[in-house]
Structures are given as structure tokens and as C-alpha cells.
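User: Hello! I am new to this structure and would like a short tour of it, please.
Analyst: Happy to help, so here it is to look at together.

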Amino acid sequence: AFEELRHYSQGDDARTIDWKATARLRSPHVRVYSEERERPVLLVVDQRKTMFFGSRRAMKSVVAAELCALGAWRTLHSGDRVGGIVFNNQQIIDLRPQRSQTAVLRLLHEVTQMNHALVDEDALPAIVTLNQALEAAARRALYDYLVVVISDLEVHFLRLFAKRLHSGWNNGDRSFKLSKFPCCQFPQLNLRRSNCGIYLVV
């Protein structure tokens with residue numbers, strides 16, 4: 001996208017000279033462009049029974065829903081597409097990334113529905129595994145996605161998921177970044193420089 005028109009300086013590419021502006025202003029000017037890169041965000045939100053536990057402030061499942069809402073609105077505000085994999089012990093809901101308020105509201109509606117269903121899930125058998133949810137995310141996340149996993153799982157599970165996602169690409173030269181954000185400290189652990197980001201929020 002066009003960013004600015006500025007004076008030509010030594011070393012600028014001659015192909016970027018704006019000849020109309022140069023003639024009009026009587027000094028060489030170049031057009032500066034910034035590369036637009038779209039990065040769809042996929043929010044993987046855990047609403048299983050293991051998340052129905054917490055402190056005086058809130059259950060883990062509620063905190064996960066709040067983080068999902070923050071991430072979804074922030075993504076939409078920055079102009080990127082946002083989608084989600086929302087799962088509990090009974091089902092997985094796969095929402096394709098879209099750039100609209102309606103898509104964000106649908107994602108949050110699904111998270112809220114699963115969050116409210118946690119109260120009544122005691123008698124139901126668990127038929128959805130974490131692996132199935134992460135497989136759904138791996139199928140959905142194409143090249144240059146940012147995958148945010150909001151769960152209480154351990155980071156070694158995310159390493160396995162990152163390897164699975166990485167091996168799913170045809171070009172083995174592509175790399176990934178895995179970062180873990182614990183609730184209290186938020187340190188960032190960069191394993192490799194990356195085209196695809198995988199973040200774990202616990």
C-alpha cells in the first residue's frame with residue numbers, strides 16, 4: 001500500500017521515482033510503499049471439564065472465554081481475519097476466519113454456550129480428545145496463520161502440535177514459533193523465527 005511521497009535520496013531504487021511529482025515539484029521524489037501482510041488468527045479455546053476449576057476470581061473456563069474475546073476484538077480492530085476452534089468434551093466447532101463483527105460475535109456465542117454447558121456435563125462421557133481439537137486446528141491453519149491455544153495443557157503438548165503443523169506444510173523449509181504465556185509472568189520463549197506463530201495461554 002502507498003505510504004508516502006518523499007525526496008529522492010542516494011541509494012533509492014530509480015524505479016520508485018514518481019515522474020509526475022518530480023516534474024510538478026521540480027526535484028526528484030519517490031513513492032514509498034509498505035508491504036501489506038495479512039495474518040489470519042485462529043483462536044483455539046478449551047472449554048473441557050478440566051477448565052471448570054479456578055480461584056476466587058474466576059474459573060479457568062471463564063478466563064479462557066475472556067482471553068478469547070480480547071484476542072478476537074483486537075484482531076478485528078487490527079484489520080485481520082479471526083476464526084476459532086472451540087471445543088469441549090462433547091464437540092468441536094470449527095469457525096473459518098473472517099473479517100467481520102458478525103464472525104467475532106458468533107465465535108464468542110459458541111464459547112459462551114460451551115462455557116454454560118460445563119455445569120451440566122458431569123454425567124456425559126468425554127468423546128472429544130485434545131488431539132482431535134489440535135488436529136482440527138492443524139487442518140484449518142494454513143501458511144502464515146497465528147494460532148493461539150487458550151488452555152491449561154502443558155507446553156510439551158504444544159511442541160508436538162507445532163511439529164504436526166510444521167510437517168503438514170509441503171515446503172519443509174518453513175519454521176514456527178512457539179511461545180508460552182503463564183497467567184502470572186508472561187515470559188516469551190521463542191524457539192525459532194517463524195512464519196507461523198503458535199501461542200499457548202495457560
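Analyst: A useful term to begin with: buried means under 20% relative accessible area, exposed means over 50%, and partly exposed lies in between (1.4 Å probe, protein chains only). This is a predicted model, in which local features need pLDDT of at least 70, side-chain atom pairs count only at pLDDT 80 or more, and totals for chains, interfaces and linings use all residues. Residues are numbered from 1 along each chain as its sequence is written, and side-chain values use heavy atoms, with hydrogens and water left out.

User: Is arginine 57 buried or exposed?
Analyst: Arginine 57 meets glutamate 66 in a salt bridge, 2.9 Å from N to O. A salt bridge here is a side-chain nitrogen of Lys or Arg within 4 Å of a carboxyl oxygen of Asp or Glu. Glutamate 66 has a relative accessible area of 34%, so it is partly exposed. Arginine 57 has 60%, so it counts as exposed.

User: How many salt bridges are there by this rule?
Analyst: Side chains of opposite charge can pair when their charged atoms come close. One of the pairs is aspartate 13 with arginine 15, at 2.8 Å from N to O. By the rule, the count of salt bridges is six.

User: Is aspartate 46 buried or exposed?
Analyst: Aspartate 46 forms a salt bridge with arginine 48, with the closest N and O atoms 2.8 Å apart. Arginine 48 has a relative accessibility of 14%, so it counts as buried. Aspartate 46 has a relative accessible area of 0%, so it is buried.

User: What is the secondary structure of the protein, read along the sequence?
Analyst: Helices (H or I, at least four residues) and strands (E, at least two) are DSSP runs, numbered from the N terminus. The protein has five helices and eight strands. Along the sequence they follow the pattern β-α-β-β-α-β-β-α-α-β-α-β-β.

User: Which helix gives the most to the largest nonpolar core?
Analyst: A nonpolar core is a set of buried Ala, Val, Leu, Ile, Met, Phe, Trp, Tyr and Cys residues joined through side-chain atoms within 4.5 Å. The largest has 22 residues, of which Leu43, Val45, Cys68, Leu107 and Val111 touch the most other members. Elements that each supply at least two residues of this core include strand 3 (41-46), helix 2 (60-77) and helix 3 (101-117). The element that gives the most, with six residues, is helix 2.

User: Which residue's side chain does glutamine 47 join in a polar contact?
Analyst: Glutamine 47 is found in the loop between strand 3 and helix 2, and its relative accessible area is 0%, so it is buried. A polar contact is a pair of N or O atoms within 3.5 Å; within protein, one must be able to donate a hydrogen and the other to accept it, and residues adjacent in sequence count only if both atoms are side-chain atoms. At 3.0 Å, the side chain joined to that of glutamine 47 belongs to asparagine 115.

User: Where does leucine 5 lie?
Analyst: At 33% relative accessibility, leucine 5 counts as partly exposed. In the secondary structure, leucine 5 lies in strand 1 (residues 2-7).

User: What share of the 202 residues is buried?
Analyst: Two of the residues described above, aspartate 46 and glutamine 47, are buried. Across the protein's 202 residues, the buried share is 42%.
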